[in-house]
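Got your viewer open? Here's a short tour, stop by stop, with what to select and what you'll find there.

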Amino acid sequence: AINYMRRVAREKQGQFFLVVEGAVPVEQDGRYCVIGEADHKELTLEGTLREMGPNAAAVLAVGTCAAYGGIPAAHGSVTGAMGVRDFFQSAGIQTPVVNIPGCPPHPDWIVGTLLVALDFIKQKGYGANTHENCPYLYLFDEGTMAEVITDKNGCRYDLGCKGPNSMCDSPTRRWNGKVNWCIENAVCIGCVQPDFPDGQSPFYES
């Protein structure tokens, strides 16, 4: 389940809601809240939020602990617990956080918030995913991959294209008076993403 969650979060970057229950403890490298393991390593709530938070469309902080820290953050706590929004601010994560406080929150508040969000997305969409709007997507679907950067008769994903993890409208807006755009001459390097450049490196694969 943990591996599936992480994989979907990578593949659906900017297209999922992350729902968090509970405060985020940061002392002792976050080990006051271990939610599972992956690759034989403990997965803390803090580490998971650092990994998945930047890729979410929005985060729902469900319950007073997730929203504001709650009881785990009360005077005398040694865990360094805090609400998701405060944690994101301290970690420099820009993803919007929607607080649904209450101890516990009413189920209608949770479901109602999700319905409003889903309705908004139905009307406005998540945004433009570079890969899904790429004119060369049919080549990816066919499994026709370019072997070198100058090959325009194949998808450049295998050469390092970051289109599947990038959210911008370059395929339709284009550049230089709509003459061309990145993937026609090179690969997408994910320059619009919050973790650029380190998180998108290396730019090219061989």
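Before the wide view, a quick warm-up: does Y157 count as buried, partly exposed or exposed? Select Y157 and show the surface: its relative accessibility is 39%, and that counts as partly exposed. Keep in mind throughout that this is a predicted model. We'll be back at Y157 with its ring partner later on.

**Stop 1: the whole chain**

Zoom out and colour by secondary structure. You should find 8 helices and 5 strands, and walking along the sequence gives the pattern α-β-β-β-α-β-α-α-β-α-α-α-α. Along the principal axes, the C-alpha atoms fill a box of roughly 60 × 40 × 30 Å.

Now switch on a surface. About 12100 Å² is exposed, and 55% of that comes from carbon and sulfur atoms. Of the 206 residues, 37% count as buried. If you like contact maps, take the contacts between residues at least 6 apart in sequence: 65% of them join residues at least 24 apart.

Colour by charge next. There are 16 positive and 23 negative side chains, with the centres of the two sets 6 Å apart.

**Stop 2: the cores**

Select L18, V20, L49, V59, V84 and F88. These are the residues with the most contacts inside the largest nonpolar core, which has 17 residues. Light up β1 (17-21), α2 (45-52), β4 (58-62) and α4 (84-91) as well, since each of these elements gives two or more residues to this core.

Now centre on V84 and leave out anything up to four places away in sequence. What does V84 touch? The list runs V20, V24, V59, A61, A66, A67 and V97.

Then move to C134, L159, W181 and V187. They are among the 8 residues of a second, separate core.

**Stop 3: ring pairs**

How many aromatic pairs does a search of the whole structure find? It finds 3, and we'll visit two here.

Select F140 and Y157. This pair is edge-to-face, with 5.8 Å centre to centre and 80° between the planes. F140 sits in helix α6 (residues 137-142) while Y157 is in the loop between α6 and α7 (170-173), so the pair ties together parts that are 17 residues apart in sequence. As with Y157 at 39%, F140 is partly exposed, at 29% relative accessible area.

Next, pick F196 and F203. Their ring centres are 5.7 Å apart and the planes meet at 15°, so this pair is stacked. Both residues are partly exposed: F196 has a relative accessible area of 31%, and F203 has 25%.

**Stop 4: backbone oddities**

Show the backbone as sticks and go to C103 and P104. A cis peptide bond joins them, with omega about 5°. P104 lies in the loop between β5 (97-100) and α5 (107-124).

Another cis peptide bond joins S201 and P202, with omega about -5°. Look for P202 in the segment after α8 (182-185).

Finally, check two phi angles. Q28 is not a glycine, yet its phi is positive, near 55°. You'll find Q28 in the loop between β1 and β2 (34-38), exposed at 54% relative accessible area. D39, also not a glycine, has a positive phi of about 55°. It belongs to the loop between β2 and β3 (41-44), and its 61% relative accessibility counts as exposed.

Methods
Residues are numbered from 1 along each chain as its sequence is written. This is a predicted model: local features need pLDDT of at least 70, side-chain atom pairs count only at pLDDT 80 or more; totals for chains, interfaces and linings use all residues. Side-chain values use heavy atoms; hydrogens and water are left out. Helices (H or I, at least four residues) and strands (E, at least two) are DSSP runs, numbered from the N terminus. Buried means under 20% relative accessible area, exposed over 50%, partly exposed in between (1.4 Å probe, protein chains only). Contact means heavy atoms within 4.5 Å. Accessible areas come from the Shrake-Rupley method with a 1.4 Å probe; for residues, only the protein chains shown count as cover. Lys and Arg count as positive and Asp and Glu as negative; His and the chain ends are not counted. The place of a charge is taken as NZ of Lys, CZ of Arg, CG of Asp or CD of Glu. A nonpolar core is a set of buried Ala, Val, Leu, Ile, Met, Phe, Trp, Tyr and Cys residues joined through side-chain atoms within 4.5 Å. Rings of Phe, Tyr and Trp (its six-membered ring) pair if their centres lie within 6.5 Å; planes under 30 degrees apart count as stacked, over 60 as edge-to-face and the rest as tilted.
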